[in-house]
Amino acid sequence: MSDPTVIVTGASRGLGAAVARLAGQLGANVVLMARTEGSLAAVAREIEDGGGQALAVAGDVSQPDDCQQVIDRTIERFGGIDGLVNNAGILEPIGPVAEAEPEAWHRSWAVNVLGPVMMCRSALPHLRASKGRVINVSSGAAVNAVEGWGAYCLSKAALNHLTRMLAAEEPELTAISCRPGVVDTRMQETIRQRGPKGMPQDEYERFVSYHEEGELLPPEVPGLALAVLALYARHEWTGQFMSWDHEGIQSLVRRYASSTAA
Ligand SMILES: NC(=O)c1ccc[n+]([C@@H]2O[C@H](COP(=O)([O-])OP(=O)(O)OC[C@H]3O[C@@H](n4cnc5c(N)ncnc54)[C@H](OP(=O)(O)O)[C@@H]3O)[C@@H](O)[C@H]2O)c1
C-alpha cells in the first residue's frame, strides 16, 4: 500500500509546522500550506532531510483558488488525500463586540471558517475515495466566551459546527474538531502583546502567567495528537469536539507514535 498523504494548513510555524513534521515522521507524504513561502519551504526541507516526502504550496486559505491549487498540486504529486488538517487560524481582532470593525471580523471569518470550508470543498472528492479524515483545529474558545475574543470565539464555534455538518453529510469520512490546549506559539505572543488593550486584566494576566510559569504546551505535544488523528482517527468519533489529551486519542498516540521525536 502506498504511503498516506496528509495536508496541513498553517504549516509555516507553530502548531501546524509541528503537525507537518510529525506526520512526516509517522510515514505520511506531507503537503504544507501557508502564506510565508520561505518558512514553509524550510519546514518541508526538514521533513525531506529526515527521509520523508513533502510538498510546500504557498497560499492563503481565505482565497478559494489557493485552496483548490493545494488540492490539485497534492493530487498531481501524490495521487490522493487521506487526511486534511485545517490548522491555519488567526486570533485577531481582539476587542469587544461593542467595538467590532466589520473588515477585521470578515477577515477572521474568511481565514478561520471559510478557509476550512473551501479546503474541504476541494478535498472532499478525494477524501471520499480514501474514506479519509478532516481534523479541524479548534479551541476552548469555541465553547467559552472569552471577553475580547468575540471574532475568534464565534469562528471556532462555527468550525465545530462545520465538523458536525461534515459528519452529517459525508458519512464515509471521519471529521473531528480538536482543541490543542494552550500552546507556546506566536498566537500566544499576540495575546501577551495585544491583550492588555482588548481583554479584561485578569484574563490577560492568566495568559501572561501561563508563559511565566512555563505552563504553555510545546507545539509537538498536541501536534502529535493531531498528526495521529489525521492518520488514524476512529470513525466512531466523527462529528465530535475533542481535547488533544482525550484518553482515546492518547491511546492512539501510544499505539502509533511511540517512535517519533515528539
Ligand atoms: N496557540 C494556542 O494556544 C492555541 C490554542 C487553541 C487553538 N489554537 C489554534 O491552533 C492553530 C494554529 O495556531 P498557532 O498557535 O500555531 O498560531 P501561529 O503560530 O500564529 O500560526 C498560525 C499559522 O497559520 C498560518 N496562517 C495564518 N493566516 C493564514 C492564511 N490566511 N492562510 C494560510 N495560512 C495562514 C500562519 O502562516 P502564515 O502567516 O505564513 O500564513 C501560521 O503558519 C490555530 O487554528 C489556532 O486557532 C492555538
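Author: On a 1 Å grid laid over the protein atoms alone, a pocket is an open set of points with protein on both sides within 12 Å along at least five of seven lines, and a molecule sits in such a pocket if more than half of its atoms lie within 2 Å of its grid points. The model is predicted, so local features need pLDDT of at least 70 and side-chain atom pairs count only at pLDDT 80 or more, while totals for chains, interfaces and linings use all residues. Residues are numbered from 1 along each chain as its sequence is written, and side-chain values use heavy atoms, with hydrogens and water left out.

Reader: Where does the ligand sit?

Author: The ligand sits in the largest pocket. Helices (H or I, at least four residues) and strands (E, at least two) are DSSP runs numbered from the N terminus, and those giving two or more residues to the shell around the ligand are H1 (14–25), H4, H5 (150–169) and H6 (186–198). H6 gives the most, with three residues.

Reader: Which residues come nearest to the ligand?

Author: A residue is near a molecule if one of its heavy atoms lies within 4 Å of it. Of the 31 residues around the ligand, Arg35, Thr36, Asn87, Tyr152 and Thr185 come nearest.

Reader: What makes the approach of Thr36 to an oxygen atom of the ligand a polar contact?

Author: A polar contact is a pair of N or O atoms within 3.5 Å. An N or O atom in the side chain of Thr36 is 2.4 Å from an oxygen atom of the ligand, so the pair qualifies. The side chain of Thr185 has an N or O atom 2.5 Å from a ligand oxygen, and a polar backbone atom of Val183 is 2.8 Å from one. Taken alone the ligand exposes 890 Å², of which the protein buries 96%, the areas coming from the Shrake-Rupley method with a 1.4 Å probe.

Reader: How do you know how many disulfides the structure has?

Author: A disulfide is a pair of cysteine sulfur atoms within 2.5 Å, and a search of the whole structure finds zero. For Cys67 the nearest cysteine sulfur is that of Cys120, 9.6 Å away, and because this distance is over the cut-off, Cys67 is in no disulfide.

Reader: Why is Cys67 called buried rather than exposed?

Author: Buried means under 20% relative accessible area, exposed over 50%, and partly exposed in between, with a 1.4 Å probe and protein chains only. Cys67 is at 0% and therefore counts as buried, and Cys120, at 2%, is buried as well.

Reader: What makes Asp66 partly exposed?

Author: Asp66, which is found in helix H3 (residues 64–78), has a relative accessible area of 23%, so it falls between the two limits and is partly exposed.

Reader: Why is Ala98 called exposed?

Author: Its relative accessible area is 77%, and therefore Ala98 passes the upper limit. Ala98 lies in the loop between strand S4 (83–86) and helix H4 (102–130), and its C-alpha is 9.7 Å from that of Gly148, 50 residues away in sequence.

Reader: Why does Met199 count as buried?

Author: Met199 is at 6% relative accessibility, so it is under the lower limit. Met199 lies in the loop between H6 and helix H7 (201–212), and its C-alpha is separated by 8.0 Å from that of Pro96, 103 residues apart along the chain.

Reader: Which peptide bond is cis, and where is Pro93 placed?

Author: The bond from Glu92 to Pro93 is cis, with omega near 10 degrees, and Pro93 is in the loop between S4 and H4.

Methods: Polar contact = N/O pair within 3.5 Å; in protein donor to acceptor, adjacent residues only side chain to side chain. 1 Å grid on protein atoms, 1.4 Å probe; cavity = no way out; pocket = protein on both sides within 12 Å on 5 of 7 lines; lining within 4 Å.
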